[in-house]
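Me: I'd like a close look at one part of this protein: the aromatic pairs, and what sits around them. Could you walk me through that, keeping it informal?

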Amino acid sequence: YKELGKGDFDDVMSRIDILLEKKKVDPHKLDLWGWGSGGYLSAWALTQTDRFKTIIVGQGVSNLISQVGTTSSPSLLQAIMGEPFWKDRKAWEEQTPISHVNNMNTPTLLQYGNDNDIILPSQGEELYFPLKTRGIPVEMIIYRGQSYSFSSPHVTLLAIQDLEEWLEKYLTPAL
């Protein structure tokens with residue numbers, strides 16, 4: 001309730017710490033990828049840590065205030081936040097990834113479908129602009145004719161290939 005990013009982020013990071021402690025993962029090859037609410041979590045992580053070599057935001061919300069005004073289902077976000085943003089703007093801004101733009105330093109891939117009334121590609125564009133302007137490697141891919149959940153197996157495969165290329169670029173050690 002009134003906490004979208006911090007609790008989930010803390011849970012993910014504590015699990016990563018356990019895996020690192022048990023030497024189950026390589027600390028130099030950590031990446032984070034999420035879709036939908038996981039995309040929001042990825043956007044949030046982008047503003048909270050530099051531990052990841054790359055972050056992939058899939059169909060993620062970057063600005064809670066603009067999201068609630070453009071989504072086809074604003075009631076869910078308002079229920080989570082407890083009230084409309086104009087009644088507690090500070091709480092909404094604290095949970096909004098782009099409010100912490102100065103903390104973003106990780107190469108980021110943004111993936112969005114353009115035929116979507118739940119999370120519009122403009123949410124990705126709001127992340128893309130400050131990353132690009134600050135010189136942080138970023139790529140935004142918009143998949144035409146795709147909604148929140150991709151309906152075309154061909155486009156799903158293409159999105160996975162784009163993801164693999166991005167990961168190879170940022171997780172493959174230089175020889």
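Reply: Here is a walk through the aromatic pairs, followed by the strands and helices around them.

Keep in mind that this is a predicted model.

Let's start with the rings. The count comes to six aromatic pairs. A pair of aromatic rings is described by the distance of the centres and the angle of the planes. Take Trp35 and Phe150: their ring centres are 5.3 Å apart and the planes sit at 90°, and since an angle over 60 degrees counts as edge-to-face, that is the label this pair gets. Where do the two come from? Trp35 belongs to strand β1 (residues 31-35), while Phe150 is in the loop between β4 (138-143) and α7 (153-171), so the pair ties together parts that are 115 residues apart in sequence.

How buried or exposed are these two? Trp35 has 25% relative accessibility, so it counts as partly exposed. Phe150, at 17%, falls under the 20% cut-off and therefore counts as buried. Another edge-to-face pair is Phe85 with Trp86, at 5.3 Å centre to centre and 80° between the planes. Here Phe85 is buried, with a relative accessible area of 18%, whereas Trp86 is exposed at 59%. Back at Trp35 and Phe150, there is a further ring to add: together with Tyr143 they form one aromatic cluster.

Now stay with the loop that holds Phe150. Gln146 lies in the loop between β4 and α7 as well, and at 4% relative accessibility Gln146 counts as buried. What does Gln146 touch, leaving aside neighbours within four places in sequence? The contacts are Gly113, Asn114, Asp115, Asn116, Ser151, Ser152 and Val155.

One of those contacts, Gly113, takes us to strand β3 (residues 108-113), where six of the six residues are buried, so the strand is largely enclosed by the rest of the structure. Both faces of β3 are covered: one side has Thr108, Leu110 and Tyr112, the other has Leu109, Gln111 and Gly113, and all of them are buried. As for strand partners, β3 pairs with strand β2 (residues 54-58) in the parallel sense, over four bridges. Within that pairing, Gly58 stands opposite Gln111 of β3. β3 and β4 also run parallel, and six bridges join them. There, Thr108 has Val138 in β4 as its bridge partner.

Last, a look at a helix packing that brings in another aromatic residue. Helix α1 (residues 6-21) packs with helix α2 (residues 37-46) at an angle of about 80°, with the axes 10 Å apart. The two helices are therefore roughly perpendicular to each other. On the α1 side, Lys6, Asp8, Phe9 and Val12 take part, and they meet Leu41, Trp44 and Ala45 of α2. By class, that contact has five nonpolar residues, two charged ones and no polar ones.

Asp8, in helix α1, is worth a word too: Asp8 is partly exposed, with a relative accessible area of 44%. Its C-alpha atom is separated by 17 Å from that of Ile98, which is 90 residues apart from Asp8 along the chain.

Conventions:
Residues numbered from 1 in each chain as written. Predicted model: local features only at pLDDT ≥ 70, side-chain atom pairs only at ≥ 80, totals over all residues. Heavy atoms only, no water. Axes fitted to C-alpha atoms, helices over the stretch in contact; angles between N-to-C directions. Parallel < 35°, antiparallel > 145°, perpendicular 65-115°, else oblique. Contact = heavy atoms within 4.5 Å. Nonpolar A, V, L, I, M, F, W, Y, C, P; charged D, E, K, R; others polar. Phe/Tyr/Trp six-rings, centres within 6.5 Å; stacked < 30°, edge-to-face > 60°. Buried < 20%, exposed > 50% of the residue type's maximum accessible area, 1.4 Å probe, protein only. Pairing = 2+ DSSP bridges.
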